[in-house]
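User: Hi, I'm new to this one and would like to go through it step by step. Could you put it up?

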Amino acid sequence: MTLWDIYEKSSVFKLVEGGEIGKENASLFVCGIVLKELFCPQIGLQYPKTDWSWEQLWYLLCLHHDRRFEQRTLWKLACQQGAMHGTKEKWEARNIETETDWGPMQLFFSPVFEYDQEGIRFTNGACIKESPVSETEVKDMFFFRNTCSGKVGMDHGIAGGLLLYENLLFKHWEEKGEIKEEQLKLYSYLANVLIVHHFLQKREEASPEKNPLLYLLLLAEAVEPLHYVKDGDRTRSILKSVEVEVRVKEIVLRTKKSKIPFEEYVSCVTEAADKTGMQCIFRADLSEIRMKMCESPIIDELFI
């Protein structure tokens with residue numbers, strides 16, 4: 001079975017729009033759904049209660065995953081619309097932080113990084129009470145990337161997370177009016193999952209027991225093959241070049257080296273395994289990567 005065999009059954013992937021980035025985000029969505037079913041099918045959000053299903057929450061993360069600063073007109077438009085509807089004044093009346101200092105982006109709101117005593121709770125017992133990376137660390141990275149990294153530009157996780165947070169708040173306000181504290185907390189958590197995933201360094205901060213959604217994002221981003229080869233015209237060919245074998249709590253990926261840079265693929269998957277507490281074994285002779293759940297992370301390499 002190839003990834004293409006899986007993807008062609010997904011309406012999200014078949015109906016995707018938005019060119020190359022849209023296909024990558026839809027690919028991320030499908031990979032995440034597959035990995036969740038394989039490694040943590042019973043995990044769901046327990047608190048706070050929300051109208052969003054797990055699949056919808058995951059879709060929102062994937063949709064905003066690669067929103068970079070070149071799309072800054074979206075932030076500008078959102079702020080203009082908020083001012084037109086008197087949103088800013090209403091938010092200030094509720095003592096919510098407005099006009100944040102995430103320049104060069106002009107944002108009304110910024111997510112919080114702590115989620116009080118209740119936290120964000122999942123059905124497997126995981127409870128997240130704060131982001132694994134502090135707001136100060138995130139802002140340091142934000143400004144470093146923009147001032148010192150030349151053409152690399154804004155970190156895609158930070159940009160996407162901030163945009164996701166604003167979009168969720170504006171959408172909620174327009175459709176349902178006042179936002180309760182637990183909803184603000186959930187929206188902040190979703191934003192922070194995107195914000196921190198790209199430069200998270202703390203080992204096992206993203207295991208299913210610590211942070212299930214972050215765990216899923218790190219694994220799915222590493223496994224998703226399209227972002228390794230920037231060629232939207234060869235999407236089908238790339239997906240057909242990745243064979244998938246599913247076992248109990250284990251997935252085996254075999255790639256064609258002519259289609260996907262295997263060393264880079266291995267590097268990203270093993271890094272994600274290290275952060276999430278997974279076992280990862282790869283064989284260069286077979287272009288094979290095997291990833292499975294275990295009690296302690298093991299990264300091995302076999303060259304035959």
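Analyst: We can talk about salt bridges, then two helices, then cysteines.

Analyst: Residues are numbered from 1 along each chain as its sequence is written, and this is a predicted model, in which local features need pLDDT of at least 70 and side-chain atom pairs count only at pLDDT 80 or more, while totals for chains, interfaces and linings use all residues. Side-chain values use heavy atoms, with hydrogens and water left out.

User: How many salt bridges does the structure hold?

Analyst: There are 12 salt bridges, a salt bridge being a side-chain nitrogen of Lys or Arg within 4 Å of a carboxyl oxygen of Asp or Glu.

User: What does aspartate 51 pair with?

Analyst: The side chain of aspartate 51 meets that of lysine 176 in a salt bridge, at 2.8 Å from N to O. Aspartate 51 sits in the loop between E1 and H4 and lysine 176 in helix H8, so the pair ties together parts that are 125 residues apart in sequence. Helices (H or I, at least four residues) and strands (E, at least two) are DSSP runs, numbered from the N terminus.

User: And is aspartate 51 buried or exposed?

Analyst: Aspartate 51 counts as exposed, at 64% relative accessibility, whereas lysine 176 is partly exposed with 48%. Buried means under 20% relative accessible area, exposed over 50%, and partly exposed in between, using a 1.4 Å probe and protein chains only.

User: Which residue does glutamate 175 form a salt bridge with?

Analyst: Glutamate 175 is bridged to lysine 171, with the closest N and O atoms 2.8 Å apart, and both lie in helix H8, 4 residues apart, or about one turn of the helix.

User: Which residues are linked in a network of salt bridges?

Analyst: Glu245, Arg247, Glu250, Arg254, Glu288 and Arg290 are linked in that way.

User: Switching to helices, which residues of H4 are buried?

Analyst: In helix H4, which covers residues 54-63, the buried ones are Trp54, Leu57, Trp58, Leu60, Leu61 and Cys62. What covers them includes helices H3, H8, H9 and H10 as well as strands E1 and E2, where contact means heavy atoms within 4.5 Å.

User: What comes just after H12?

Analyst: Glycine 277 follows H12 and takes a positive phi of about 75°. The buried residues of H12 include Phe262, Tyr265, Val266 and Val269.

User: Last topic: how many disulfides are there?

Analyst: A search of the whole structure finds 0 disulfides, a disulfide being a pair of cysteine sulfur atoms within 2.5 Å. Cysteine 40 counts as buried at 7% relative accessibility, while cysteine 268 is partly exposed at 28%.
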